Amino acid sequence: MMGIRFPSMISGVRQFHKLQSVVTRNQISDVPKGHFAVYVGETEKKKRYVVPIAYLNHTSFQELLQKAEEEFGFQHPMGGLTIPCNEDAFFHVTSRLNTCL
């Protein structure tokens, strides 16, 4: 009679879950160190952008965050930081900040 070897099966399941966790983390974590993701747009369809953390020190970006806080508080519909402005305004602010950095 052949018995089931639970320790080796459990070890295989653990290895599978560890590999799956690494793959999932790499797919989600596409934000480089020193950056954060924001969602930008005034309509239902918002675009995701990755911006440097250094933007947080600038008044013009803080004004965008103030607008986000007024509209959403801490309950952002996209699950991440959502900035409720049109993309042109966002590009205008971030392009000025890029020249400062």
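In this predicted model, Leu-101 counts as exposed, its relative accessibility being 51%, a value that lies just on the exposed side because the class begins over 50%. Leu-101 is found in the segment that follows helix H3, and, once neighbours within four places in sequence are set aside, Leu-101 is in contact with Pro-52, Ala-54, Tyr-55 and His-58. For one of these partners, Ala-54, the C-alpha atoms of the pair are 7.9 Å apart in space, although 47 residues separate Leu-101 and Ala-54 in sequence. Another of the partners, Pro-52, belongs to strand S2. Beyond four places in sequence, Pro-52 touches Gly-34, His-35 and Phe-36 in addition to Leu-101. The C-alpha atoms of Pro-52 and Val-31 are 9.8 Å apart, with a separation of 21 residues in sequence.

The protein chain as a whole contains three helices and three strands, and these follow the pattern α-β-β-α-β-α when read along the sequence. Of the 101 residues in the protein chain, 25% count as buried. The area exposed by the protein chain is about 7700 Å², of which carbon and sulfur atoms supply 57%. Among contacts between residues at least 6 apart in sequence, 48% join residues that are at least 24 apart.

Confidence varies along the protein chain, for which the average pLDDT is 76 and 65% of the residues score at least 70. Among the elements, S2 has the highest mean, at 93, and H1 the lowest, at 47. Over residues 15-27 the pLDDT stays under 50, and the model has zero contacts beyond four places in sequence for this stretch. Where pLDDT is low, the predicted coordinates should not be read in detail.

Strand pairing centres here on S1. Strands S1 and S2 run antiparallel and are joined by six bridges, whereas S1 and strand S3, which comprises residues 81-83, run parallel and are joined by three. On the S2 side, Ala-37 stands opposite Val-50, and Tyr-39 has Arg-48 as its bridge partner. The hairpin formed by S1 and S2 has six residues between the strands, and Gly-41 in this hairpin takes a positive phi near 150°. On the S3 side, Val-38 stands opposite Leu-81. In a regular strand the side chains alternate between the two faces of the sheet.

The surroundings of Val-38 draw on several parts of the chain. When residues up to four places away in sequence are not counted, Val-38 touches Lys-47, Arg-48, Tyr-49, Val-51, Leu-81, Ile-83 and Phe-90. Thr-82, which has its place in strand S3, lies 44 residues from Val-38 in sequence, yet the C-alpha atoms of the two residues are 5.7 Å apart. Thr-82 has a relative accessible area of 0% and is therefore buried.

Val-38 is also part of the largest nonpolar core, which has 13 residues and in which Val-38, Val-40, Val-51, Phe-61, Leu-64, Ile-83 and Phe-90 have the most contacts. Two or more residues of this core are given by each of S1, S2, helix H2 (59-72) and helix H3 (87-100).

The structure holds one salt bridge. This salt bridge is formed by Asp-30 and Arg-48, whose closest N and O atoms are 3.1 Å apart. The pair links distant parts of the chain, 18 residues apart, since Asp-30 is in the loop between helix H1 (6-28) and strand S1 (35-40), while Arg-48 is in strand S2 (residues 47-52). Side chains of opposite charge can pair when their charged atoms come close. Neither partner is classed as buried, because that class requires a relative accessible area under 20%, and Asp-30 is partly exposed at 46%, as is Arg-48 at 34%. Arg-48 thus appears in three of the settings described, as the salt-bridge partner of Asp-30, as the bridge partner of Tyr-39 in S2, and among the residues that Val-38 touches.

Methods
Residues are numbered from 1 along each chain as its sequence is written. This is a predicted model: local features need pLDDT of at least 70, side-chain atom pairs count only at pLDDT 80 or more; totals for chains, interfaces and linings use all residues. Side-chain values use heavy atoms; hydrogens and water are left out. A salt bridge is a side-chain nitrogen of Lys or Arg within 4 Å of a carboxyl oxygen of Asp or Glu. Helices (H or I, at least four residues) and strands (E, at least two) are DSSP runs, numbered from the N terminus. Buried means under 20% relative accessible area, exposed over 50%, partly exposed in between (1.4 Å probe, protein chains only). Two strands pair if DSSP finds at least two bridges between them. pLDDT is the predictor's confidence in each residue, from 0 to 100. Contact means heavy atoms within 4.5 Å. Accessible areas come from the Shrake-Rupley method with a 1.4 Å probe; for residues, only the protein chains shown count as cover. A nonpolar core is a set of buried Ala, Val, Leu, Ile, Met, Phe, Trp, Tyr and Cys residues joined through side-chain atoms within 4.5 Å.
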